[in-house]
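Q: Hey, can you walk me through this one? I'd like to start with the sheet.

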Amino acid sequence: MAADMRALRSFVTAMDGQEYDNVPEGIVCLLITHSNLKLQMVDIRLDLHSTIGELRHKVYQHTGTKPDAMELLIMRTDGSVYNRLDNDQRMLGFYSVENGMRLHVVDKDLFSLSKGGGLEDVSLVKKYEISDKDYDKREKTVRAFKREQLAKDPKWKPKTMMNVAKPATDQSTLPDSESVINTKVGDRCEVQPGGRRGKVMYIGEIPEIAPGFWVGVQFDEPVGKGNGSVKGVTYWTCENKYGGFVRPHNVVVGDYQVLDPFADLSDDDNEL
């Protein structure tokens with residue numbers, strides 16, 4: 001048992017101290033928390049050259065706290081305050097923030113939308129309810145359909161999709177080497193759906209998945225489904241959820257830089 005626990009500990013801590021090795025220069029990964037929200041935004045990438053004023057507007061888009069009603073604090077792991085981001089003209093890098101630190105947002109707005117669980121507690125949302133009696137009066141519902149069928153045949157049962165054979169794959173439509181002729185290992189790329197960015201790590205067939213050519217991508221963010229392996233076969237190695245295998249038509253290669261998750265958000269105070 002002791003040996004198993006040591007092996008488990010070694011597995012869990014294997015990447016400790018290396019999780020930020022691939023973060024580009026000038027970018028910092030922070031955990032963002034909020035005084036009114038249970039949600040924690042993990043490893044959000046921020047530009048060290050952005051001003052605190054710009055940071056306030058970006059955080060506003062994610063939390064609903066207006067820039068002039070928030071206090072920004074950099075916290076230590078023990079919960080004490082490391083630095084107060086109180087000068088809107090200074091850049092984030094001035095405050096000596098480092099990867100893994102926590103940016104805590106204190107909402108000082110007495111009428112904040114997030115106060116009292118307003119943005120998270122679904123029990124506060126008024127739900128539409130209908131009585132069985134009123135539902136029975138409606139036409140073209142599942143209940144009405146079942147009632148109609150049972151009136152025709154008391155032994156009627158709904159059909160199921162169990163044991164329905166899948167259609168055979170048309171080999172002529174599978175992606176082949178021509179579909180990846182303009183793609184090579186090491187290319188930066190963007191993957192659909194979702195506009196996920198990363199780097200091409202593998203090109204070729206993967207018998208463990210399905211016939212045809214696949215593109216293995218190591219994503220910049222944990223938006224994948226694996227770690228570069230498929231059913232015990234390793235094609236490359238990366239952290240879990242940073243890897244994925246996609247069909248070539250979903251991959252576009254080009255000069256795709258690492259995304260700032262807040263970059264496309266408007267700074268308009270009238271938009272939330």
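Q: In what order do the strands of the open sheet come, and how do they pair?
A: This is a predicted model, and in it 5 strands form an open sheet in the order β11-β8-β7-β6-β12, with antiparallel pairing. Strands here are DSSP runs of E, at least two residues, and helices are runs of H or I, at least four residues, both numbered from the N terminus. Two strands pair if DSSP finds at least two bridges between them.

Q: Which are the edge strands?
A: β11 (243-246) and β12 (251-253), each of which pairs on one side only.

Q: How many bridges join β6 to β7?
A: There are 4, between residues 188-191 and residues 196-206, and the two strands run antiparallel. C189 in that pairing stands opposite G198 in β7.

Q: Switching to α2: is it mostly covered or not?
A: Mostly covered, with 9 of its 12 residues buried (under 20% relative accessible area, 1.4 Å probe, protein chains only).

Q: What covers those buried residues?
A: The cover includes β1 (27-34), β2 (37-47), β3 (70-75) and β5 (102-107), going by contact (heavy atoms within 4.5 Å).

Q: And which residues are buried in α2?
A: I52, G53, L55, R56, K58, V59, Y60, Q61 and T63.

Q: What follows α2?
A: G64, and its phi is positive, near 85°.

Q: Any fine print?
A: Residues are numbered from 1 along each chain as its sequence is written, and side-chain values use heavy atoms, leaving out hydrogens and water. For this predicted model, local features need pLDDT of at least 70 and side-chain atom pairs count only at pLDDT 80 or more, while totals for chains, interfaces and linings use all residues.

Conventions. Buried means under 20% relative accessible area, exposed over 50%, partly exposed in between (1.4 Å probe, protein chains only).
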